[in-house]
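Welcome! Take a moment to look over the sequence and the model below, and then we can walk through them together.

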Amino acid sequence: MTEKTRFRPFILTCLIIFLVIIFHIIFIQLSLDKDVRMVVSDVEAPLVGLGSLIALFLATNRTKQYSKKLARAWFFLALAQLCTVLGDTIWAVLQLGFHIYPYPSIADLFYLLYYPLFFVAVVLFPVQKHGSSYWIKRTIDFSAISIGLLAVFWNYLLGPSIITHADVSFQDCFLAYAYPIGDLLILWGMLILTYNRLHERAGGPLVLISIGAIVMVITDSAFVVQSIIGTYKAGDILDSGWLLQNILIWIAAVWQIMIARKITETDKISSTLSDAANTLFSYYPVIWLLVVIGMMYQSSTKSLPMSYHQLTLVALLIWVLVVLRQIISNIEIRRLFNQVDQSIRMVKKQSVELETANQVLGFEIAERKKAEERLAFDALHDFLTHLPNRGLFLDRLDMAINHTKRYEKDAFSVLFLDLDQFKQINDTKGHSVGDELLIQVAQRLRDCVRVSDTVARLGGDEFIILLENVDEKENALLTADRILREFRPAFEICGEKIYISVSIGVVISLAGYENSSDILRDADIAMYHAKEAGKSRFEVFNPEMRTQAIHKVMIENELRYAIEYNEFYLQYQPIYSLKTENITGFEALIRWNNPRLGVLSPGVFIPVAEETGLIIEIGYWVLEEACTQLKKWFDLFPELGELTMNVNISGRQFAQPDFIRRLMEILKKSGLKPELLKLEITESVLLGEQQTDSNTFEELKKIGIHLQIDDFGTGYSSLSYIQHIPVDTIKIDRSFIAEVGHGQKYLELIHAIIRMAHSLGMDTNAEGIETLEQKEVLRSFGCNYGQGYLFSKPLDRKQIEKDLLPVQGQIL
């Protein structure tokens, strides 16, 4: 509903009331004919009252939708107004229809019913909750006011009339008392309503009702007096008081209809009206005490219905009530002061507690700030060395890149460092020693650079350095060389001297770099080149390194699927007896035919397989394939006799705990005799961190498998392990054979190896024989076996079955 629509009933009502007032003034107040005034007054009263009644019932129905409690109060107001309308109607009928003066009459019964119904309505309006002392004070106030009002009514209204007209009937006498008592009841209700039942939103209509009730009390009092003394005439100005009362109630009801939807049962009592009424009530008993004292003074000079002594008793009674109220107020004030004192003490106590809490909170805030600073530091620094971590380093590196883009002369360099022997030290000495070593390493690195440079730990034993404002490439290289020199002295930890070296990859800032991760990648690549080149050195990155690294990653990725897609195949190089020049066996050589990379030699992919651990499964595939192939040859050519198969075994594969078990499964599956299998192992398998338990060699010997030392003389060449390991054959590396004919020194070395092997009961096999001179020298030295391009290059299965095996069968 819009504002315009909502105000239409109110505007219409105001228009009707305005017309009623104009009509009343014209026909009653300005008319000189008393009969006309009487008729208009008798008809006007019930009609206006009916309009008020209809408005009250509509207000009740509208209010019921939002607050049932408030609707009940309006309903009783409507019932009270109904009694008034009925009384006015009976009055008009008796006076106009039967020409009977209707006082007293049955109309008075309905008029008198108005008072209790109106009082019930007042009581039903929403009440503000208070304590017991409040209601005691209100009762005292109301009692004092009522006693004073009764004294005034009796002395100035009822008393003089009754005394003057002592011959009035009982009915007149009863009504003379009933109407004033009813008026007192209404006044009392108005006091209650005004003080305790005025809502912030519903107060307007109730104020109008209160004014109307007061107008009614005044009019009723005047009517009673005039009726007793016989001076009342219908249509006089006195009737305007009842008309005004009905008009005020009518307006109040329409007002209530308009605001009903804004009112809820939880609305608060108007604090403004309540405070004003509370202030007035505090003075009402005293005012009425003064009024009674004034009447006492008047009774001493003029006769009143109540004697001086009676007024004295009334004054005394009111005074007692005033004193009693003051006592209760003093008690409340004292209790209030006690509550205030208690509240002050509580506030002081809470202030102390709050101050203590603030101190604790301040301490906690300080601790939290410290904790946040620690967290911020820990988030950007390594917890062990307190160096910047990877995140902080990358952030500074990005800043350096952006700075170089703006100022090309301000170049920078990055050094990627990895400790060479840290894993061995950490495993053998313990993690506590390893941690202390990292701390000392961090300090030495700090000492090698400027304060403006950044030293960071990436994790594990990897460190990285950002050298800013490096004008020349040599400055970065000088720093790398300084670091290498600083690592030469021993680190002293727990009274023990520990030596460790470092490999460094260096990247000089280039215009092509756009982000920090690319620089870290290239520095890491350069560092691995330094390790491959012998460790304890530095390498400067060049684009070719990245190409090699990418190629290596490509090989690794392709290598993971090579077995699954059958990309490996074997070639077999015959091994000959240098004495008889007959074939005694074959060496299985792996080849890789990748559809994307082409045919790759073992020298390209075997190191990658070793590094990634893929060599283990590749080695088992070679073993199974070689053993199966030799058994097939025996089945195809039974006259071959006993040819052997040499298979290279990786150190990582040989060190597997289940190596013997899987080897036996392969022999069983292929059907090859164990004594026809020769395993070629390098010296690295026997020494250092890859040294295998001697039980493995003993088990291989018990099975009947032969062991051959591959590339003898190129590794550690220690003679101590040969005495304890059951080696059957020593394979002389091709690098020695290639030197035959180039100096006496290598001839003596080869001869010494052969004599040593024979003295220990071992055979010798020379690889890489390519000339007759090489063959004759080896034969003269007593070398047992040989292989090389002089005899045959590595052949595939079909070539061997077509060209070699049939001839070998005929020879045997």
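## The chain as a whole

The secondary structure of this chain amounts to 27 helices and 16 strands. Please keep in mind as you explore that this is a predicted model.

Of the 812 residues in the chain, 46% are buried. The surface that the chain exposes is about 42,000 Å², and carbon and sulfur atoms supply 60% of it. Contacts also reach across the sequence: among those with a separation of 6 or more, 71% are between residues 24 or more positions apart.

## Nonpolar cores

In soluble globular proteins, nonpolar side chains tend to be buried together. Which residues have the most contacts inside the largest nonpolar core? They are F586 and L679, in a core of 78 residues. Helix α19, covering residues 615–636, gives the most to this core, with 11 residues. Another core lies apart from this one; it has 49 residues, including I145, A178, L208 and L248.

L679 is a good place to zoom in. Setting aside neighbours within four places in sequence, L679 is in contact with L623, V647, I649, F659 and L663, among others. The list of contacts for L679 also includes L700, I705, H706, L707 and Q708.

## Salt bridges between helices

Side chains of opposite charge can pair when their charged atoms come close. The count for this model comes to 31 salt bridges.

One of them joins the side chains of E611 and K552, with 2.6 Å from N to O. E611 belongs to helix α18 (residues 602–612) and K552 to helix α17 (residues 543–559), so this pair ties together parts that are 59 residues apart in sequence. Both partners can be described by how much of them is accessible: E611 is partly exposed at 48% relative accessibility, and K552 is partly exposed at 26%.

Another salt bridge links R560 with E556, and their closest N and O atoms are 2.8 Å apart. R560 counts as partly exposed, with 44% relative accessibility. E556 is partly exposed as well, its relative accessible area being 22%.

## A salt-bridge network

Next, find E767 and R734, which form a salt bridge whose closest N and O atoms are 3.9 Å apart. Which elements do E767 and R734 lie in? E767 sits in strand β15 (residues 763–767) and R734 in helix α24 (residues 734–737), so the pair ties together parts that are 33 residues apart in sequence.

Is E767 buried or exposed? At 7% relative accessibility, E767 counts as buried, because that value is under the 20% cut-off. R734, at 43% relative accessibility, is partly exposed. The two residues also belong to a network: salt bridges that share partners join E587, E680, K731, R734 and E767.

## A closer look at S792

Finally, turn to S792. Where is S792 placed? S792 is in the loop between strand β16 (785–787) and helix α27 (797–811). Although S792 lies in a loop, the residue is buried, with a relative accessible area of 10%. The cut-off for buried is under 20%, so S792 meets it.

What does S792 touch, leaving aside its neighbours within four places in sequence? S792 is in contact with Q573, P574 and Y576.

Notes. Residues numbered from 1 in each chain as written. Predicted model: local features only at pLDDT ≥ 70, side-chain atom pairs only at ≥ 80, totals over all residues. Heavy atoms only, no water. Helix = DSSP H or I, 4+ residues; strand = E, 2+ residues; numbered from the N terminus. Buried < 20%, exposed > 50% of the residue type's maximum accessible area, 1.4 Å probe, protein only. Contact = heavy atoms within 4.5 Å. Areas by Shrake-Rupley, 256 points an atom, 1.4 Å probe, with all protein chains shown as cover. Core = buried A, V, L, I, M, F, W, Y, C linked by side-chain atoms within 4.5 Å. Salt bridge = Lys/Arg side-chain N within 4 Å of Asp/Glu carboxyl O.
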